[in-house]
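Thanks for coming. I'll put the structure up and then walk through a few parts of it, one at a time.

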Amino acid sequence: MSTPPEPDPAAIPPMVVRRVGLAAIKGTRHLSLDEVTLDAHGPLGDRVWCLVDAARLQVVRTVANPLMELSIEADGESLRVALADGRLVSGRVSASGPPVEVDYWGRPALVTPYDGEPARLLAERIGRPVFLARAARGAVVYGAPVSVVGTASLQDLAERMGRPEPVLQPERFRSTLVIETAEPWVEDGWLGRELVVGEVVVRVNGRIGRCGVPNQHPLTGRADTPILKALAGFRPCNEAGEPFLAVDAAVVRPGTIRPGDPVTLLDTP
């Protein structure tokens, strides 16, 4: 049998950014934006705020308390909170006490409690004693601060499931960057390598093990699609049994990223 020819690099579509996004309050709706600015700590404005269980002093977990129906816009200490039922509250919040150490997935995080009308609306939505808190940059981010997923991986997952949600609703995966790719799961080979994204450079750190959050509708928070089960059927998993999808990365050269920006994988790790 003849050896198949090597693919022509010129025939492979270039990688470009298709979506950029973040969530100002951890667990709330992951918003698609016109641009995201990265500094050494990650995307500016991403997961600056969180909600804390007042009794346990534990950061409220997204998978158990989906808040995707909450659309949040933050500007400094001014918050705009929009609920699916049409309620809208905007205004300033202010520190209501000294910094306090809380638990974030088994590790300590130092956060500052805040109060104000937007904070009270958020607590009402949870339905038990919680408080809004401002976190230090990266304190309530599980891995490296920038997350990246390729469109070919989402397309492959959708085809295996026989459902369109992974492609039509990439915000389920809450990635900073969705990149147009030609090869499914090509991200697995980027570990330790650098991506040039427009004017920004990031270094890929590791693969992301997924919990049940992608099962939840990105606008309502209702579990409506068995994505985790589908992933577990064919993807490798981490030590906790979480199947991998997407990678996380650290910022090497800061700057601003916009949809349409070209993406280049540097040749050497």
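I'll start with Asp-46, which counts as buried because its relative accessibility is 10%, and buried here means under 20%. Keep in mind that this is a predicted model.

Where does Asp-46 sit? It is found in the loop between β4, residues 42-43, and β5, residues 49-53. What does its side chain reach? A polar atom of that side chain lies 3.2 Å from the backbone nitrogen of Ala-23. The side chains of Asp-46 and Arg-47 are also joined, by a polar contact of 2.8 Å. If we set aside neighbours within four places in sequence, Asp-46 is in contact with Leu-22, Ala-23 and Pro-145.

Now the strand β4, on one side of that loop. It belongs to an open sheet of 3 strands, in the order β4-β3-β19, with antiparallel pairing. β4 and β19, residues 255-257, stand at the edges with a single partner strand each, so one side of each has no neighbour in the sheet.

Let me take the pairings of β3 in turn. With β4, β3 forms a hairpin that has 2 residues between the strands. The two strands run antiparallel and are joined by 2 bridges; Asp-39 has Gly-42 in β4 as its bridge partner. With β19, β3, which covers residues 36-39, pairs in the antiparallel sense over 3 bridges. There, Val-36 has Ile-257 as its bridge partner, and Leu-38 stands opposite Gly-255.

Which side chains of β3 are buried? Val-36 and Leu-38 are, and they point to one face; Thr-37 and Asp-39 point to the other face and are not buried. In a regular strand the side chains alternate between the two faces of the sheet.

On the other side of the Asp-46 loop is β5. β5 pairs with β13 in the antiparallel sense over 5 bridges, and Asp-53 stands opposite Val-130 in β13. β13 itself, residues 130-135, is mostly covered, with 5 of its 6 residues buried. Strand β12, residues 107-115, also runs antiparallel to β13 and is joined to it by 4 bridges. One of the partner pairs there is Tyr-114 with Leu-132 in β13.

Next, a helix. How many residues of α2 are buried? The helix spans residues 151-161, and 8 of its 11 residues are buried, so to speak mostly covered. Among them are Ser-153, Leu-154, Asp-156, Leu-157 and Met-161. The cover over these buried residues includes strands β1 (15-22), β14 (146-150), β15 (177-179) and β18 (244-253), and helices α3 (165-168) and α4 (227-232). Just after α2, Gly-162 takes a positive phi of about 70°.

Last, the surface. Which residues form a nonpolar patch there? They are Val-63, Trp-105 and Tyr-142, with about 320 Å² of accessible area together. Val-63 is placed in the loop between β6, residues 58-59, and β7, residues 71-75. Val-63 counts as partly exposed because its relative accessibility is 34%.

To recap two residues we looked at: Asp-46 is a loop residue that counts as buried. Val-63 is also placed in a loop, but counts as partly exposed. That is what I have.

How values were computed. Residues are numbered from 1 along each chain as its sequence is written. This is a predicted model: local features need pLDDT of at least 70, side-chain atom pairs count only at pLDDT 80 or more; totals for chains, interfaces and linings use all residues. Side-chain values use heavy atoms; hydrogens and water are left out. Patches are made of residues with over 30% relative accessible area and no salt bridge: like charges are joined within 9 Å, nonpolar side chains (Val, Leu, Ile, Met, Phe, Trp, Tyr) within 5 Å. Accessible areas come from the Shrake-Rupley method with a 1.4 Å probe; for residues, only the protein chains shown count as cover. A salt bridge is a side-chain nitrogen of Lys or Arg within 4 Å of a carboxyl oxygen of Asp or Glu. Buried means under 20% relative accessible area, exposed over 50%, partly exposed in between (1.4 Å probe, protein chains only). A polar contact is a pair of N or O atoms within 3.5 Å; within protein, one must be able to donate a hydrogen and the other to accept it, and residues adjacent in sequence count only if both atoms are side-chain atoms. Contact means heavy atoms within 4.5 Å. Two strands pair if DSSP finds at least two bridges between them.
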